[in-house]
Structure formats: C-alpha cells, structure tokens
Amino acid sequence: MRLQKFLAACGVASRRKSEELIKDGFIKVNNTVIKEMGHKIDPNKDIVTYQNKRVTISEKKIYILLNKPTGYVTTVSDQFNRDKVTDLVQINKRIHPIGRLDYNTSGLLLLTDDGELTYKLTHPKHKVEKVYIAKIKGTPSKDNINKFQKGLEIDNYKTQPAYFEILNSQSDMSTVKIIITEGRNRQVRKMCQAIGHPVISLQRIAVGKLNIGNLELGKWRFLTEKEINYLKKL
Ligand code: URA
C-alpha cells in the first residue's frame with residue numbers, strides 16, 4: 001500500500017495532508033525517514049511512525065460534529081501555538097477536521113480519523129452546500145447581491161454561483177445567509193469584501209444536510225449512523 005494512502009486510512013490526516021507530512025520528513029518507516037512519494041509499505045510488516053508513535057489502522061472510525069467557537073485554529077499543528085479545535089474534543093484518538101474554518105469563524109466543523117472520507121469530501125469536484133450566517137458592514141444593493149450570486153472574481157478565480165439573502169438589516173450592518181458549494185481559503189470573507197461589505201462575524205450553520213442544531217458553542221457530538229452513511233454517499 002502507498003504510504004500516503006496508509007496514513008490516510010489510519011486517520012493521521014487527509015491524503016493530501018499526509019503527502020505533505022511525508023514530503024516534510026515527518027514520517028518514518030522502520031525507523032528511517034521516508035520522503036519519497038510513491039513509497040510502498042506492507043501494513044502487516046512495516047512499522048510506520050509519526051511523532052514517535054506507531055500508526056495503525058483501527059477498524060472503527062470516528063465521526064464528530066463540533067460547534068467551533070472563534071479563537072481556535074482548525075489545523076492539527078499551529079506555528080503560533082494558538083488553541084486548536086482538536087483540544088476541544090477529548091478522545092483518545094488522533095482526529096483531524098474535514099476542511100477548515102478560519103480562526104475567527106464559528107460553527108459546524110466535522111472531525112474524523114477517516115482520511116479517505118476527508119479526501120473525498122474536500123476534493124474540489126465535491127459540491128456540498130455550506131450554509132453561513134454572516135454579519136456584514138452596511139446593506140448591499142440589489143446589484144451587488146446579483147454579482148455575489150452570479151460569481152465574483154477573487155484571487156484571479158471566478159466563484160461558482162452562490163446564494164445570498166438579507167435576513168435583517170440595520171443602519172450600518174446586515175445579517176445575511178450565504179450558501180456556497182466551494183471551500184476556498186477565506187472564500188466568504190473575500191466574496192463579501194469584493195462587493196464592498198466586509199464580514200464582521202461569520203458562523204457556519206450547516207454542511208449539506210448536517211445542521212448545527214442546538215449544540216452549544218464549544219460542544220461536540222458523535223454523528224449518527226444515518227449521518228455517517230449520508231456523508232459517505234455524497
Ligand atoms: N469562508 C470564510 O471566509 N471563512 C471560513 O471560515 C469559511 C468560509
């Protein structure tokens with residue numbers, strides 16, 4: 001089995017992230033650092049280690065839904081030593097987030113040790129709807145809402161059609177509902193900025209059919225079998 005596939009199957013990280021770990025020299029096979037991408041291992045014989053711990057395939061995977069507070073990073077390690085979302089989920093398993101939310105974004109975040117599922121769900125071809133509630137500066141005009149809905153130019157890239165609805169509007173700020181099917185870095189913030197209405201706060205309330213419901217901020221729960229099957233079939 002290819003080393004990156006093995007790491008993903010063990011839940012160390014998504015397949016893409018596992019490739020980075022290999023490239024950066026974090027993975028040892030039989031006590032030797034392996035940086036070569038196509039390296040093949042025998043899962044029954046070879047001893048693979050990451051952060052000095054042996055990595056093994058465990059049968060039962062874990063799927064968690066967290067209501068992320070602001071002030072946490074979704075990366076598994078952080079160069080500035082900021083609080084990590086994985087600190088909020090005290091379980092004896094190495095889990096990683098499916099996709100990302102900014103440090104200053106709150107709301108629904110999925111975590112798992114199923115690297116294959118992460119690989120599938122974060123692949124650009126997957127068009128899962130992500131629903132956000134944002135507070136933005138000012139009140140956008142019909143024209144600007146149209147632009148947002150049709151697709152905007154951000155970072156030399158044209159965004160896919162998106163949903164935008166004003167839920168309520170005050171003199172200097174509006175609360176809006178936004179639905180996008182992509183997951184580019186800081187996409188909602190950049191799209192709002194592009195129409196001249198910067199984001200004040202951002203919360204994700206749903207991913208596909210999965211909803212944050214009344215889960216308290218900072219709390220998490222396991223997904224139900226039905227929810228897991230739903231994600232696997234997406
Ligand atoms: N878009 C953003 O700008 N930030 C997030 O955290 C998620 C989507």
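The paragraphs below lead through this predicted model, from its domains to one strand, one helix and the surroundings of the ligand.

A sensible place to begin is the division into domains, where the assignment lists domain 1 as residues 3-54, domain 2 as residues 63-124 together with 212-233, and domain 3 as residues 129-207. Domain 2 is thus given as two stretches of the chain, 63-124 and 212-233, while domain 3 is given as 129-207. When the C-alpha centres of domain 1 and domain 3 are compared, they are found to lie 39 Å apart.

Strand β8, which spans residues 130-137, is mostly covered, since six of its eight residues count as buried. Two pairings of β8 can be followed in the structure. With β12 the strand runs antiparallel, and eight bridges join the two; within this pairing, A134 stands opposite V176 of β12. With β13, which comprises residues 199-207, the pairing of β8 is again in the antiparallel sense and extends over seven bridges, and here Y132 is the residue that stands opposite R204 of β13.

From the strand the reader can turn to helix α4, which is made up of residues 142-150 and has N144, I145 and F148 as its buried residues. These three lie on the same side of α4, because the arc that they cover around the axis is only 100°. The other side of the helix carries K142, D143 and K150, which are exposed. As for what the buried residues of α4 meet, they pack against two strands, β11 (163-169) and β12 (173-180), and against helix α5 (187-194). Strand β12 therefore appears twice in this description, as a packing partner of the buried residues of α4 and as an antiparallel partner of β8. Just after α4 comes G151, whose phi is positive, at about 125°.

The last stop is the ligand, whose surroundings are formed by L101, D102, T105, Y132, R186, Q187, V188, R189 and L202. Among these residues is Y132, already met opposite R204 in the pairing of β8 with β13. Several polar backbone atoms can be located beside the ligand with stated distances: one belonging to R186 is 3.2 Å from an oxygen atom of the ligand, one belonging to V188 is 3.1 Å from a nitrogen atom of the ligand, and one belonging to R189 is 3.0 Å from an oxygen atom of the ligand.

Technical notes: Residues numbered from 1 in each chain as written. Predicted model: local features only at pLDDT ≥ 70, side-chain atom pairs only at ≥ 80, totals over all residues. Heavy atoms only, no water. Buried < 20%, exposed > 50% of the residue type's maximum accessible area, 1.4 Å probe, protein only. Helix = DSSP H or I, 4+ residues; strand = E, 2+ residues; numbered from the N terminus. Arc of directions from axis to C-beta. Contact = heavy atoms within 4.5 Å. Domains from an automatic or database assignment. Pairing = 2+ DSSP bridges. Near = heavy atom within 4 Å. Polar contact = N/O pair within 3.5 Å; in protein donor to acceptor, adjacent residues only side chain to side chain.
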